[in-house]
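Here is a short, friendly tour of one protein model. Please have a look at the sequence and the structure before reading on.

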Amino acid sequence: MSQLEIDIRPWGRYEVLLDAESTKVKLITVEPQRKLSYQSHEKRQEQWTLVKGKLTVVRDNVEYTLDTPGESFTIPKGSKHRAWNKTDEPVQFVEVQTGTYFGEDDIIRYEDDYGR
C-alpha cells in the first residue's frame with residue numbers, strides 16, 4: 001500500500017493511509033521510551049487501534065494501557081491526550097480521525113518534550 005504522506009517526528013513517524021473529506025487515517029509508530037505531546041483538538045476526534053507493542057495512553061490525566069493487537073481507544077474532541085511508549089520496542093497503532101478538519105494546525109499542546 002502506498003502512503004499519501006510520511007512525516008518523521010522526534011517521537012517516531014506517521015504515515016497517512018487515507019485522506020478523505022470526512023476522515024483521515026494514519027499508521028503511527030512511536031519509538032521506544034518516546035511520547036507524543038499532551039494535546040487536544042477542537043475539530044476532530046480520534047480512534048486509536050493497537051497494531052503492535054504495548055501503548056500507554058493518557059487521556060484527561062488518566063493512564064490506560066493497550067497491550068492486545070486490535071484493542072482500541074477513543075479520544076473525544078477536546079479531550080487532552082497523548083500516546084506514550086514506555087517499552088524498549090517500537091509501538092504501532094492506527095489512528096482514525098473523524099470531524100470537520102484534519103490539519104496538523106488543529107493541535108493545542110499542553111506539554112511537549114521537544115520544545116514545539
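A residue counts as buried here when its relative accessible area is under 20%, taken with a 1.4 Å probe and the protein chains only. By that cut-off, 41% of the 116 residues of the protein are buried. Please keep in mind that this is a predicted model.

What does the fold consist of? The protein has 11 strands and 0 helices, so the pattern along the sequence reads β-β-β-β-β-β-β-β-β-β-β. With a radius of gyration of 13 Å, close to the 13 Å that the globule rule gives for 116 residues, the protein is as compact as a globular protein of that length. Among contacts with a separation of 6 or more, 65% are between residues 24 or more positions apart.

Some overall values for the protein are collected here.

| Property | Value |
|---|---|
| Box filled by the C-alpha atoms, along the principal axes | roughly 35 × 35 × 25 Å |
| Exposed area | about 6,200 Å² |
| Part of the exposed area from carbon and sulfur atoms | 47% |
| Distance between the centres of the positive and negative side chains | 2 Å |

The charge count behind the last row is 17 positive and 21 negative side chains.

Now for a closer view of one strand pair. How do β1 and β2 pair, in the parallel or the antiparallel sense? Strand β1, residues 5-9, and strand β2, residues 12-19, run antiparallel and share 5 bridges. The link from β1 to β2 is a hairpin of 2 residues. Within this pair, Arg9 sits opposite Gly12 in β2. In a regular strand, side chains alternate between the two faces of the sheet.

Notes. Residues are numbered from 1 along each chain as its sequence is written. This is a predicted model: local features need pLDDT of at least 70, side-chain atom pairs count only at pLDDT 80 or more; totals for chains, interfaces and linings use all residues. Side-chain values use heavy atoms; hydrogens and water are left out. Helices (H or I, at least four residues) and strands (E, at least two) are DSSP runs, numbered from the N terminus. The radius of gyration is taken over C-alpha atoms; the globule rule is 2.2 Å times the number of residues to the power 0.38. Buried means under 20% relative accessible area, exposed over 50%, partly exposed in between (1.4 Å probe, protein chains only). Contact means heavy atoms within 4.5 Å. Accessible areas come from the Shrake-Rupley method with a 1.4 Å probe; for residues, only the protein chains shown count as cover. Lys and Arg count as positive and Asp and Glu as negative; His and the chain ends are not counted. The place of a charge is taken as NZ of Lys, CZ of Arg, CG of Asp or CD of Glu. Two strands pair if DSSP finds at least two bridges between them.
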